[in-house]
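Reader: Could you take me through one part of this model up close? I'd like to hear about the salt bridges, and a bit about the sheet close by in your notes.

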Amino acid sequence: HLEEPSTELDMQLVGKKADVKDRDITTTCFGFVGRDSNSLVMGSDEGVLYKARIYDGNASRGIYSFISGAHKAPITNVGFRPPIKGLPPVMSELYITSSFDWTTKLWHTKTRKPLYVFERCRDYVYDVKWSPVHPAIFATGDGNGMLDIWNLNKDTELPTQSIMATEKDRSVGKLAFSKDGRKIAVGSSSGNIKLFTLNEKLACPVKEDTDKFYESMRARLQVMAQLQNQQQENEKLRHYSSKSYSNMPANSIHSLLNSDR
């Protein structure tokens, strides 16, 4: 029946320290990882991203990881790159987030830092949606009433097209692409819905568009992986150094400091 949900899950942090485990979690949005209905990423009103599993075999279900400071304000949407024919499955682990901090960010499930940060908007970003057919296209809607169409194959700093999509002093509340990617519906804070048609190049990608997107994202992921590995190594070195110093006698530390003068 439709009066009550068939299943309710209490998503709690698992395997974490007590002070972290007891924190209040208030989620505002979520997205499933590709076709995997078991794994999801949730956005929160404190700007934290939470990674969770609904079912995990013999392990405890719940939130197993989180990214603090993912955004500086409430997150309004989490959207994964929909699977597209010809695009490797690893690209379905790309996801994009929008926030009241005026930014949109592109992530991958294997990274803890955004691949790209889009700062074009000058107001709250209320929604973000991927094109269901073009791998590099996504749209954002903000508090100024602007609909921005982004093409990552062309530019990562400016949208390829910007449209005033609402009446004066109204914001874009929600976005939705048609199944064929040719149209996009825009819901405004006034309660109205407008339908826009995308031009042929944005709505009908060719094989080169898919190949270019994959190559650019793969290169970006390799760079981020290297930076992430380097950061982990630096943290290990700092931990080792501080541990070594803490075990040194006071006179040895004093001698070490004097030797640098």
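Author: Here is a walk through the salt bridges, followed by a sheet. The model is predicted, so local features need pLDDT of at least 70 and side-chain atom pairs count only at pLDDT 80 or more, while totals for chains, interfaces and linings use all residues. Residues are numbered from 1 along each chain as its sequence is written, and side-chain values use heavy atoms, with hydrogens and water left out.

Take a salt bridge as a side-chain nitrogen of Lys or Arg within 4 Å of a carboxyl oxygen of Asp or Glu; the count then comes to six. One of them links Asp 180 to Arg 182 at 3.9 Å, N to O. Arg 182 also meets Glu 200, at 3.7 Å. That second pair ties together parts 18 residues apart in sequence, because Arg 182 sits in the loop between strand 13 (172-177) and strand 14 (183-188), and Glu 200 in helix 2 (residues 200-203). Helices (H or I, at least four residues) and strands (E, at least two) are DSSP runs, numbered from the N terminus. With partners shared, Asp 180, Arg 182 and Glu 200 form one network.

As for accessibility, buried is under 20% relative accessible area, exposed over 50%, and partly exposed in between (1.4 Å probe, protein chains only). Glu 200 is exposed at 51%, Asp 180 partly exposed at 40%, and Arg 182 partly exposed at 36%.

Another salt bridge joins Lys 129 and Asp 127, closest N and O atoms 3.0 Å apart. Asp 127 is buried at 0%, whereas Lys 129 is partly exposed at 26%.

Now the sheet: four strands make an open, antiparallel one in the order 9-10-11-12, where pairing takes at least two DSSP bridges.
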